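Okay, thanks for coming, everyone. I've got one structure to walk through today, so let me put it on the screen.

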Amino acid sequence: PSLNERPLIRFILGYRAKSASLEISYDRTQHDGTFVDVPLDATFQAINVDGRYFFAPRSRIQPHVLVGGSFPWLNVEDGSVLGEDVGDARFKGYGVNTEAGVTFYPTRQLGIGVGYSYRVIWFDRASGVTDRLGDLRPRFRETAGSIAITGTFTF
């Protein structure tokens with residue numbers, strides 16, 4: 001399917017040590033799209049586990065890099081057809097998250113970050129009308145690069 005682009009809002013929960021943090025986050029976006037000129041609706045979701053390293057942890061301005069993994073799934077409404085039966089197509093896979101940026105701390109607890117985020121996702125399993133999960137060969141890959149703006153609050 002071909003899907004329209006949507007801004008992503010990610011909810012993050014994590015732990016910050018002196019120079020590094022471990023973050024767990026959840027993504028969800030709704031998309032309009034087409035498949036062979038047929039309009040469709042799709043929902044993308046992912047659970048992410050990322051590590052962020054801060055290069056100047058004592059400074060108000062802290063450059064950082066992020067590396068992590070993603071566990072995505074994509075549901076395409078009525079995207080599966082078998083004979084006269086129509087059902088949702090569900091794709092599952094894995095991904096890699098990266099980011100390079102800088103976080104500014106106006107106070108000890110409040111941070112505002114900006115960076116460039118790049119994600120690669122491979123969908124390698126799918127199910128449809130029959131609800132049987134099967135391997136996709138060849139698997140398909142999606143890439144996305146974007147500016148990431150992050151607000152953080154440290155307890």
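I'll go through the overall fold, then the pockets, then a surface patch, and finish with some backbone oddities.

First thing to keep in mind: this is a predicted model. So, what are we looking at? The protein chain has 8 strands and 0 helices. If you read along the sequence, the pattern is just β-β-β-β-β-β-β-β. For the overall dimensions, the C-alpha atoms fill a box of roughly 65 × 25 × 25 Å along the principal axes. And of the 155 residues in the chain, 32% count as buried.

Okay, pockets. The largest pocket holds about 1600 Å³ of space. There are 49 residues lining that pocket, and the ones closest to its centre are Leu8, Arg10, Ser117, Arg119 and Ser146. Which strands contribute to the lining? Well, S1, S2, S3, S4, S5, S6, S7 and S8 each put in at least two residues. To orient you on the screen, S1 is just 2–3, S2 is 10–16, S3 runs 20–35, S4 is 38–54, and S5 goes from 61 to 82. The biggest contributor is S8, which gives 13 residues to the lining of the largest pocket. And what is that lining made of? We get 22 nonpolar residues, 18 polar and 9 charged.

Then there's the second largest pocket, with a volume of about 440 Å³. That second pocket has 15 lining residues, and if you want to find its centre, look for Pro57, Gln62, Tyr105, Thr107 and Arg108, which lie nearest. The make-up of this lining is an even split: 5 nonpolar, 5 polar and 5 charged.

Let's move to the surface. Here we have a nonpolar patch of about 780 Å², built from Ile61, Val102, Phe104, Val114, Tyr116, Tyr118, Ile147 and Ile149. Strands S6, at 85–104, S7, at 110–127, and S8, at 134–153, each supply at least two residues of the patch. Which strand gives the largest share? That would be S7, with 3 residues. Take Val114 as one example from the patch. Valine 114 sits in S7, and with a relative accessible area of 41% it counts as partly exposed.

Last bit: the backbone. I've got three spots to show you, so follow me along the chain.

Start at aspartate 78, over in strand S5. Aspartate 78 has a positive phi of about 55°, and it's not a glycine. Buried or exposed, then, for aspartate 78? Exposed, because its relative accessibility is 54%.

Next up is aspartate 131, which is in the loop between S7 and S8. Again we see a positive phi at a residue that isn't a glycine, here about 65°. Aspartate 131 has 57% relative accessibility, so it counts as exposed too.

And finally, have a look at the step from arginine 137 to proline 138. That peptide bond is cis, with omega near 0°. Proline 138 belongs to strand S8, the strand that gives the most residues to the lining of the largest pocket.

So, to pull it together: we have a predicted model with 8 strands and 0 helices, a largest pocket of about 1600 Å³, and a nonpolar surface patch of about 780 Å². That's my tour, and I'm happy to go back to any of it on the screen.

Technical notes:
Residues numbered from 1 in each chain as written. Predicted model: local features only at pLDDT ≥ 70, side-chain atom pairs only at ≥ 80, totals over all residues. Heavy atoms only, no water. Patch = residues over 30% accessible without salt bridge, like charges linked within 9 Å, V, L, I, M, F, W, Y side chains within 5 Å. Areas by Shrake-Rupley, 256 points an atom, 1.4 Å probe, with all protein chains shown as cover. Salt bridge = Lys/Arg side-chain N within 4 Å of Asp/Glu carboxyl O. Helix = DSSP H or I, 4+ residues; strand = E, 2+ residues; numbered from the N terminus. Buried < 20%, exposed > 50% of the residue type's maximum accessible area, 1.4 Å probe, protein only. 1 Å grid on protein atoms, 1.4 Å probe; cavity = no way out; pocket = protein on both sides within 12 Å on 5 of 7 lines; lining within 4 Å. Points joined across faces, edges and corners; volume = space filled by probe spheres on them. Nonpolar A, V, L, I, M, F, W, Y, C, P; charged D, E, K, R; others polar.
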